[in-house]
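Q: Could you take me through one small spot in this model, slowly and with the terms explained? I'd like to know what surrounds it.

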Amino acid sequence: MGDTWFQSFREGYNPEAASIFRECDARCDENGELDYFTIPSRKMEDRLGLLGIDIDATAAAFSHGYAETPEEYRSDQFDFDTWLEEGKESVRQTGWFDFGANSDWIESSVDIRYIIRAVIEMYEADVPVIWNLADVVGRGFVSPDPRLCEVELEKTRGASVATFPVIVLTEGSSDAKFLSAALSLIYPHLVDFLKFMDFGVGAEGGASALARTLKSFAASGVANRVIAIFDNDTAASDVLTAMNVPLPNTFRVLQYPEIELGRNYPTIGPTGRGAFDVNGKAGALELYFGEDVLKDPMGELTPVQWTGYVKRQNSYQGELLDKSRLQKAFRRKLDGAIARGGTQPEEDWSGIIAILDRIRRAFQDSPA
C-alpha cells in the first residue's frame, strides 16, 4: 500500500485477499495474463466497511491475534493504538511503514483484510492498494486468469459471512432498480458488494411488506448481512414503531435520510397550498431524484399531496404528485449519465448520494 510492503508468499497467495478484490481491479500484461490487482485505498476502505471491518473491529482483531500467538513468537507486549500511531508517524516521516521483526506474528495471526484496514489508517492521503501476483503467476503457481478473485470467491462462499454481498431490501421493486443502477454510477467499486433485492413486477410493495420480508429473512438464518431501508415517511415510521422483533446483529434497519430540499417543500392539503418540512412525512424515493427532476417545465417543484392522517404518529402521510412522470424523467437522467460514464455539474444527485451513503456506512455504525 503506497510504499509499504507486507505479506508475501513464495508459491501461492492468501485466499482471504481474493474476497476484497475483483476482476475490475485486475491489471494484465500484453498477453492478457494477470499481473496484479489495484484499487485506491479509500475505495478499499469502503469495501471493508461494508464487511464490518472498520478500525474498531481491526483493533479487536489485532488484540485477539496477539493473544492467540504463543509467547515465543510475539513481542513482549502489544498495544494496537500505540502501534498504529507509530505507523502513522513513520508514514509522515518516510512515506512508508516497516512492520519490523517484532511484528512477524501479525502476518500469521491477523486476517489480511484487517491488516489492510490498519495500514489504510496510517496514510492520510489516498494511495493505491496493490496485490502483486506477477511472480507466482510467472512461475506457474497461480492461474493468470484475471477472474481469479471471482473463481476463489465461488469456492469459499460458505466459509465466512464477510465474503458474501450485503443484501439490501427496499419498499418496492422500482426503488431496488433505481438504487442498484445509481450505485453502478456513483460507487461502481461497491457493485459486487451490495445486492438490491428485486422481487419482480407484481410483488407487494410498501413499508408493511418490507417489514414482513425483513422478518422472513431474519427467521431464515440467512448468512449475508442484510440492510432494510424504508422510505422516510409517516407510513414507514408507523410500521417501524409497531415492529418489535429482535433481529440478528448482522441486520440493519434504516430509513432514507432527511435532505435539505425537503425542509421547505411545496405541498397541497385540505386548506390549500403551503411550504412545509416533508422530511419524515413524504420521503419516498422520488423526493431524492434531484431538484432538476422534481421541477416541472415551468420550473416549479412537483408538490406533495397530503393524504391520510396516521394517529399513532400524530402526522399526515404525504405523496408526491405525478410519480410516473418523475420516474421516467429520472430514468432518462440515469441512463444518460451511465451512457456518458459520469454525472454532469448541472445535475442534482445529492439525494441519491445521501441514500447510498447511508447504506454503505450502515455497518460502520452501531446497530439501531
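**A close look at D25**

A: Let's start with a pair of side chains: those of D25 and R47 are joined by a polar contact of 2.7 Å (a pair of N or O atoms within 3.5 Å, where one must be able to donate a hydrogen and the other to accept it, and residues adjacent in sequence count only if both atoms are side-chain atoms). This is a predicted model, in which local features need pLDDT of at least 70 and side-chain atom pairs pLDDT 80 or more, while totals for chains, interfaces and linings use all residues. Residues are numbered from 1 along each chain, and side-chain values use heavy atoms, leaving out hydrogens and water.

Where does D25 sit along the chain? D25 belongs to the segment before strand 1, residues 26-28 (strands are DSSP runs of E with at least two residues, helices of H or I with at least four, numbered from the N terminus). With a relative accessible area of 5%, D25 is buried (under 20%; exposed is over 50%, and partly exposed lies in between, using a 1.4 Å probe and protein chains only).

Now for the company D25 keeps. Setting aside neighbours within four places in sequence, D25 is in contact with I20, Y36, F37, T38, I39 and R47 (contact means heavy atoms within 4.5 Å). R47, you'll remember, is also the partner of D25 in the polar contact. Looking further along the chain, I130 is 105 residues away from D25, yet their C-alpha atoms are separated by 9.3 Å.

For a second stop, I55, A57, T58, A61 and F62 in helix 2 meet Y114, I115, R117, A118 and E121 in helix 5.
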